[in-house]
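Student: Please take me through one part of this model at close range. Start from the whole chain, then settle on a single helix and what surrounds it.

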Amino acid sequence: DVGASDAANSGAEADAEAEAARVVAAGGRLTLTLDGYRRVLGAEGVLGGLQVTRSFGDAARYPGVTAVPYVSSIDLPPNSVCAAGGTEGGATGGTTPLSETWLVLGTDGLFDVMSAETIRSKLNGTVRSKDHLAKRIVGEALDAYSPDNVCAVVVYFD
């Protein structure tokens, strides 16, 4: 680990109180599922619920869902790492044996089965080529039987 870890979460999920209130104020309805998660109910005739509250292409089927992104920022001191994630996707950062700082952006399919700390531990000291960072963590998430799509982008900083 290269330093202090700060958490940041996009809050773009139905379990976030402020986001749940925004969905209801916009005409959406919420339900609590058997697995303990809050979901946005679909319009009449739409089965199931949506865990994320901000996504492309779902507003017509899920009232209260929007494609407008939730944007936030955090200030990080030098040599620190940022860890974010959760059911809506997120980001984590660190360094590789190549002495480069990196940032991983991933979907909920990645962060549902791997914590930011797990991603850092998998990458730190195990990946010898930066071309393999994203492939490694996507493979690890698939090996963990992620129930959702898995996508990761690794950004390198000099």
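Tutor: Start with the contacts. Among those between residues at least 6 apart in sequence, 50% join residues at least 24 apart. The model is predicted. It has 158 residues, and 37% of them count as buried. The exposed surface comes to about 8800 Å², with carbon and sulfur atoms supplying 55% of it.

Now the layout. The protein holds 4 helices and 8 strands. Along the sequence they run β-α-β-β-β-β-β-β-α-α-α-β. The part to look at is α4, residues 133-143, which a loop separates from β8, residues 152-157.

Take the buried side of α4. L133, I137, V138 and A141 are buried there. These four cover an arc of only 120° around the axis, so they sit on the same side of α4. The spacing follows a general rule. An α-helix has 3.6 residues a turn, so residues three or four places apart point the same way.

What does the buried side of α4 pack against? Its buried residues pack against β7 (101-106), α2 (108-111), α3 (116-123) and β8. Now turn the helix over. K135 and D143 are exposed, on the face of α4 turned away from its buried side.

One of those partners, α3, deserves its own look. Its buried residues include A116, I119, R120 and L123. They cover an arc of only 100° around the axis, which puts them on the same side of α3. Note the arginine: R120 is buried in α3.

Next, follow the chain out of α4. Y145 comes after the helix, with a positive phi. The value is near 60°, and the residue is not a glycine. Y145 lies in the loop between α4 and β8. Is Y145 buried or exposed? Its relative accessibility is 72%, so Y145 counts as exposed, the cut-off being over 50%. So the stretch goes from a helix with L133, I137, V138 and A141 buried to a loop residue, Y145, that is exposed.

For contrast, step back to an earlier part of the chain. There, an open sheet of 3 strands has the order β2-β3-β4, paired antiparallel. β2 (30-32) and β4 (49-50) are the edge strands, since each pairs on one side only. Strands of a sheet pair through backbone hydrogen bonds, either parallel or antiparallel.

Check the two pairings in turn. β2 and β3 run antiparallel and are joined by 3 bridges. L32 has R38 of β3 as its bridge partner. The hairpin of β2 and β3 has 5 residues between the strands, and G36 in it takes a positive phi near 90°. On the other side, β3 (residues 38-41) is joined to β4 by 2 bridges, again antiparallel. V40 is partnered with L50 in β4, and L41 with G49.

Two positive phi values are thus worth checking on screen: G36, near 90°, in the hairpin of β2 and β3, and Y145, near 60°, after α4.

Methods: Residues numbered from 1 in each chain as written. Predicted model: local features only at pLDDT ≥ 70, side-chain atom pairs only at ≥ 80, totals over all residues. Heavy atoms only, no water. Buried < 20%, exposed > 50% of the residue type's maximum accessible area, 1.4 Å probe, protein only. Contact = heavy atoms within 4.5 Å. Areas by Shrake-Rupley, 256 points an atom, 1.4 Å probe, with all protein chains shown as cover. Arc of directions from axis to C-beta.
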